[in-house]
Amino acid sequence: MKRNDIKSDFEKMADSLESGIMEQMQRNYSHTVIDHAMNPRNIGKIEGAEGHARFTGPCGDIMEIFLRIQNNVITEVSFMTDGCGTSLASGSMVTELVKRKHIQAAYRINQKNVLEALGGLPEEDEHCALLAASTMKLAVQDYLSTRNHLWKRMYKPGERS
Ligand code: FES
């Protein structure tokens, strides 16, 4: 067998494996979930964010959310997680939902809102949407607790240089 034939057989096998995985994902997850898991929006850290939360869900996965806020409106938002693909999709979606929104609207976002925006999740993954919504609530609370006492931000545990 020629070298090119081997490569082409390997590529065919990889393609078929990839399409098998994709078909399985499409059976279990909406197009929106797959899109946000594979191309997460707003991922990363915002230095000196006005609102920040780091929350560990019951499964042990961690999510962090960063908010830049002006006149009580979220002007920039980002997240990070060490969790699964659905927590990535949930973090991505919750950050999209709060962009340019008043902090009260962001505070009210709950698990159901994230699930609806994602087109649903299998029951065993629904807690990933809760992790995202809970972390968002805590990030808004963080902003509210320090907005009139800006110096307190310097004393947050784990954020001192
Ligand atoms: Fe823990 Fe998804 S399994 S957040």
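Which residues in helix 5 are buried? Select helix 5, residues 111–118, and colour Val 114, Leu 115 and Leu 118, which are the buried ones. A residue is buried if 20 or more other C-beta atoms lie within 10 Å of its own, exposed if 12 or fewer, and partly exposed in between, with C-beta atoms placed from the backbone. Helices are DSSP runs of H or I of at least four residues, strands are runs of E of at least two, and both are numbered from the N terminus.

This is a predicted model, in which local features need pLDDT of at least 70, side-chain atom pairs count only at pLDDT 80 or more, and totals for chains, interfaces and linings use all residues. Residues are numbered from 1 along each chain as its sequence is written.

Now look down the axis of helix 5. The buried residues fall within an arc of 100°, so they line one face of the helix; the arc is that of the directions from the helix axis to the C-beta atoms. On the other side of helix 5, select Lys 112 and Glu 116, which are exposed. Just after the helix comes Gly 119, with a positive phi near 80°.

Next, add helix 3, residues 85–98. The helix 3 and helix 5 axes are 10 Å apart and make an angle of about 100°. That makes helix 3 roughly perpendicular to helix 5. Axes are lines fitted to C-alpha atoms, for helices over the stretch in contact, and angles run from 0 to 180 degrees between N-to-C directions; under 35 degrees counts as roughly parallel, over 145 as roughly antiparallel, 65 to 115 as roughly perpendicular and the rest as oblique.

At this contact, select Ala 89, Ser 90, Met 93, Val 94 and Leu 97 in helix 3, which meet Asn 113, Val 114, Ala 117 and Leu 118 in helix 5. Residues are in contact if their C-beta atoms, placed from the backbone, lie within 7 Å.

Stay on Ala 117, which is partly exposed, with 18 other C-beta atoms within 10 Å. Beyond its neighbours within four places in sequence, Ala 117 is in contact with Met 93 and Leu 97.

Finally, move to the strands. Strand 1 (residues 51–56) and strand 2 (residues 62–70) run antiparallel, joined by 6 bridges; strands pair if DSSP finds at least two bridges between them. Select Ala 53 to find its bridge partner in strand 2, Ile 65. Strand 2 is also joined to strand 3 (residues 73–81), again antiparallel, by 8 bridges. There, Glu 64 stands opposite Met 80 of strand 3.

Key:
Two residues are in contact if their C-beta atoms, placed from the backbone, lie within 7 Å.
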